[in-house]
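Let's take a walk through this fold together, starting from a strand and working outward. Please have the sequence and the 3D view open as you read.

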Amino acid sequence: MAASTHSARQVPDALRVVLFEDSVLLREGLVRLFDEAGYVTAGAWGDVEDVVGRVRQAHADVAILDVRLPPGFRDEGIKAALALRAALPEVGILVLSQYVEGVYARELLAGGEGGVGYLLKDRVTSLEEFSDAVRRVRERGTVLDPLVVQGLLSARPDPLSTLTPRERDVLTLMAEGRSNASIAERLFIGVGAVEKNISAIFAKLGLEESGTEHRRVLAVLAFLQSA
């Protein structure tokens, strides 16, 4: 579908938005919303064909994409978003979805650079909140629907799940602030055994070499956060 460009308010240096949404009604509704917010809709399409070229040509600040788009209505929007992140990292990405799809959210957030958002369509009801989300994404912030955050947290694996019972005992005593000698005394094992367990804990929690005391603090933080 050919692009459409709208701007009721010709504001100098207005934020430029492009939209990829297959529903004509929702697409036109969002275009009107952007216009009310003072944004320029530099393009609006129902598919993601040549997404990088379209966004580049539109000189867009933020690209807004539905997760499921033609032709397969599966993950075309996410794939397009990831392609945009790789080719045009300066462009903010805001993904809209009908459902909480944690895998897609994690893929989008994996780089950790900011400038991304993931919102549920049926919760985008406020012009002020939605326009604020677009602006925050443009400013390299991260915007996540509360239900998406809840889903990500519930799916997060327990960082301590790989520890043996002995390693958990050692970490528990570390969290109490005990020294290696004190831990050995409490568990009736040698100090060398305590040190081996601590090394295993560091390795399993992915705590790279950065000073034993620093890693000890990080390990305790992991323990406290899992409680």
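The paragraphs below go from one strand to its neighbours and then to the nonpolar cores. Keep in mind that this is a predicted model.

A good place to begin is β3, where 5 of the 5 residues are buried, so this strand is largely enclosed by the rest of the structure. If you look along β3, Val62, Ile64 and Asp66 point one way, while Ala63 and Leu65 point the other way. Asp66 is buried along with the others.

Who are the neighbours of β3? On pairing, β1 and β3 run in the parallel sense, joined over 4 bridges, and Val17 has Val62 of β3 as its bridge partner. β3 is also joined to β4 by 5 bridges, again in parallel; here Ile64 has Leu94 in β4 as its bridge partner. To get from β3 to β4 you can follow α3, since these three elements make a right-handed β-α-β unit.

Now turn to the nonpolar packing. The largest nonpolar core has 29 residues, and those touching the most other members are Val18, Phe20, Val51, Val55, Leu65, Leu84 and Ile93. Elements that give two or more residues to this core include β1 (16-20), α2 (51-58), β3 (62-66), α3 (76-87) and β4 (92-97).

Ile93 is worth a click: leaving aside residues up to four places away in sequence, Ile93 touches Ala63, Leu65, Ala81, Leu84, Arg85, Leu108, Gly115, Val116, Gly117 and Val137. Apart from the largest core lies another core, of 19 residues, among them Leu19, Phe34, Leu94 and Val143.

Methods:
Residues are numbered from 1 along each chain as its sequence is written. This is a predicted model: local features need pLDDT of at least 70, side-chain atom pairs count only at pLDDT 80 or more; totals for chains, interfaces and linings use all residues. Side-chain values use heavy atoms; hydrogens and water are left out. A nonpolar core is a set of buried Ala, Val, Leu, Ile, Met, Phe, Trp, Tyr and Cys residues joined through side-chain atoms within 4.5 Å. Buried means under 20% relative accessible area, exposed over 50%, partly exposed in between (1.4 Å probe, protein chains only). Contact means heavy atoms within 4.5 Å. Two strands pair if DSSP finds at least two bridges between them. A crossover is right-handed if, with the strands pointing away from the viewer, the path from the first strand over the helix to the second runs clockwise.
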